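Trainee: Before we turn to the details, could we go through the local backbone and side-chain features one at a time?

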Amino acid sequence: MSQIGNDLFRILAPVALDSANEEEILLSIYHLLRGLKSSTYLKLYHALSPDKIRLAPMYGESFLHQIELAKAQAEEKLLSYVTTLGAKIPEVEISYHIESLDVALSAEEILSYLQNEPFALLVLIFKQRKRWERFFGSTALWDIIEGSPISVLLLSAPLVIPPRRILWVTSMQTESFALLKPLIQLIHYLKGTLYCAKINTPSNFTTQRIFQRQVLEMCDYIIDHVDPDFVPEECLLYADKDVVEGTLHVVQDFLTDMVAIDAEEALEEWKIADRLLSQQVPVLFLKGHK
């Protein structure tokens with residue numbers, strides 16, 4: 001499902017069309033796409049769901065009429081987004097799709113759509129969890145992240161600059177090196193730079209000597225399996241009380257624009273991503289190629 005090796009970089013951005021905050025974040029995506037090296041295609045996606053349709057039609061109305069009405073309203077909104085974004089990034093091909101044949105849960109429709117059309121990146125807009133969702137650690141959004149075959153960029157606030165300085169927070173274990181392929185692919189497209197960090201915590205401590213060996217192993221992997229000419233900007237061992245605090249401190253110290261993490265690890269320890277997003281840090285959940 002990835003676009004590795006292809007000239008066209010395809011991005012899918014699902015939208016719920018239910019809040020002004022979502023619109024502000026969505027329209028800031030032009031910062032992400034501005035000035036990319038390769039041809040770029042952005043598709044906005046909206047799936048009609050039962051909560052958007054009156055399930056008990058008024059007298060003289062039909063359920064089909066309700067669907068057509070909801071589709072027309074969504075189409076008007078999406079068309080305005082395409083027009084606004086197109087004026088800011090005319091070099092990017094932009095379209096939209098409304099799923100109206102099946103009225104189902106949006107998460108299921110998005111994952112189904114990803115199986116049928118190839119995309120390189122999924123961009124989602126994060127909305128703060130409700131209290132019960134934070135307790136159980138489960139929402140439709142996290143279901144999408146878990147089921148997505150491609151990497152997912154989660155935005156909790158509007159972008160204000162192009163995110164070019166990317167911080168990969170990693171345990172530096174050899175099994176995680178496979179994630180470097182989609183990560184470096186994205187960095188090439190964004191014309192960005194890679195910073196990598198292993199956060200040393202009291203419960204997960206690595207010596208400097210071991211870390212240096214891990215960095216050499218990582219660089220060997222990049223040369224042999226990804227790009228022999230690619231060099232990370234900085235790799236550091238950073239000590240802090242926990243992974244999130246350490247990550248936020250590295251973001252501030254090195255002025256990085258985005259944090260990349262292993263999606264599988266994030267889903268197991270979802271509070272880490274939750275806290276990063278609450279600080280309005282864009283989070284890239286790396287998927288695939290493992």
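Trainee: Which residues does Glu22 touch, not counting residues up to four places away in sequence?
Mentor: This is a predicted model, and in it Glu22 belongs to helix H1, which spans residues 20-27. Leaving aside residues up to four places away in sequence, the residues that Glu22 touches are Val15, Ala16, Leu17, Ile125 and Lys127.

Trainee: Is Glu22 buried or exposed?
Mentor: A residue has to fall under 20% relative accessible area to be called buried. Because the relative accessible area of Glu22 is 4%, this residue is classed as buried.

Trainee: Which backbone nitrogen lies 2.6 Å from a polar atom of the side chain of Glu22?
Mentor: A polar contact requires a pair of N or O atoms within 3.5 Å. The pair in question, at 2.6 Å, joins a polar atom of the Glu22 side chain to the backbone nitrogen of Ala16.

Trainee: What is the phi of Met172, and where is this residue found?
Mentor: Most residues other than glycine have a negative phi. Met172, which is not a glycine, nevertheless has a positive phi of about 65 degrees. Its place is the loop between strand E6 (165-169) and helix H7 (180-190).

Trainee: Is Lys191 buried, partly exposed or exposed?
Mentor: Lys191 lies in the loop between H7 and strand E7 (193-200), and its phi, near 55 degrees, is likewise positive in a residue other than glycine. The partly exposed class lies between the 20% and 50% limits. Because the relative accessibility of Lys191 is 43%, this residue counts as partly exposed.

Technical notes. Residues are numbered from 1 along each chain as its sequence is written. This is a predicted model: local features need pLDDT of at least 70, side-chain atom pairs count only at pLDDT 80 or more; totals for chains, interfaces and linings use all residues. Side-chain values use heavy atoms; hydrogens and water are left out. Helices (H or I, at least four residues) and strands (E, at least two) are DSSP runs, numbered from the N terminus. Buried means under 20% relative accessible area, exposed over 50%, partly exposed in between (1.4 Å probe, protein chains only). A polar contact is a pair of N or O atoms within 3.5 Å; within protein, one must be able to donate a hydrogen and the other to accept it, and residues adjacent in sequence count only if both atoms are side-chain atoms. Contact means heavy atoms within 4.5 Å.
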